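Here's a quick tour for anyone meeting this structure for the first time. We'll look at a pocket, then at some salt bridges.

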Amino acid sequence: MPRVGLTAERLTRAGAELADEVGFDQVTVSALARRFDVRVASLYSHVKNSQDLRTRIALLALTELADRAAEALAGRAGKDALAALANVYRDYAREHPGRYAAAQLRLAPETAAASAGVRHARMTRALLRGYDLTEPDQTHAVRLLGSVFHGYVSLELGGGFSHSAPDTEETWARILDALDTLLRNWPAAPTDPRG
């Protein structure tokens, strides 16, 4: 019988808060049970296991990120849209490091297809249409942006830039300038040398 007041949604939100406090990799059903001061077994009416809980947190994080991105991108194009999207990811990672890590969780294909990750892809592709990129270059650019955003944010959160000048804000601005320049001047696909 489900415990009064506990729901899958409440447990997911509490798990997301726990992830931000102690790290996503530390989130388990047992850790959540300790937070609510209940027996582990009482949570299994709401979540199947720790993997199910982690998947729910990942889906929550993807939804929160997509909602923020949609709001930030509204009415923007070109470099303004690029900077808005980039800053959504960076700000979210700073505010919610555990949830940001959760958003990187590899999901089962059917779960991923039904997640807000699809909205992220659509928004990124819409942004790239402003740069006149077509396939397969659009996919290459989606991967480039994801790699740069995630790579920078991960290194920054890990303290990788805290020991040297210039300031990380200056570097971030220069990276966005460079990405904008690259996207406006996307290189032509190489020709097959076998001709």
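The lining of the largest pocket is made up of 13 nonpolar residues, 7 polar ones and 1 charged one. Keep in mind that this is a predicted model. Below is a bit more on that pocket, followed by the charged pairs.

**The largest pocket**
- The space inside comes to about 610 Å³.
- Helices H3 (50–73), H4 (78–95), H7 (117–129) and H8 (137–157) are the elements that each give two or more residues to the lining.
- H8 gives the most, with 6 residues.
- Of the 21 lining residues, Tyr89, Ala103, Gln104, His120 and Gly146 lie nearest the pocket's centre.

**Salt bridges around Arg90**
- Arg90 pairs up with Glu156 in a salt bridge, with the closest N and O atoms 2.6 Å apart.
- That pair links helix H4, home of Arg90, to helix H8, home of Glu156, across 66 residues.
- Both partners count as buried: Arg90 has 2% relative accessibility, and Glu156 has 15%.
- Glu169 also forms a salt bridge with Arg90, at 3.1 Å between the closest N and O atoms.
- Glu169 sits in helix H9 (residues 168–184) and Arg90 in helix H4, so this pair ties together parts 79 residues apart in sequence.

**Glu169 and Arg94**
- Glu169 forms a salt bridge with Arg94 too, the closest N and O atoms being 2.9 Å apart.
- Here helix H4, with Arg94, is linked to helix H9, with Glu169, 75 residues apart.
- Glu169 is partly exposed at 40% relative accessible area, and Arg94 is partly exposed at 38%.

**Across the whole structure**
- A full search turns up 16 salt bridges.
- Glu9, Arg13, Asp20, Glu64 and Arg99 are joined in a salt-bridge network.

Conventions:
Residues numbered from 1 in each chain as written. Predicted model: local features only at pLDDT ≥ 70, side-chain atom pairs only at ≥ 80, totals over all residues. Heavy atoms only, no water. 1 Å grid on protein atoms, 1.4 Å probe; cavity = no way out; pocket = protein on both sides within 12 Å on 5 of 7 lines; lining within 4 Å. Points joined across faces, edges and corners; volume = space filled by probe spheres on them. Helix = DSSP H or I, 4+ residues; strand = E, 2+ residues; numbered from the N terminus. Nonpolar A, V, L, I, M, F, W, Y, C, P; charged D, E, K, R; others polar. Salt bridge = Lys/Arg side-chain N within 4 Å of Asp/Glu carboxyl O. Buried < 20%, exposed > 50% of the residue type's maximum accessible area, 1.4 Å probe, protein only.
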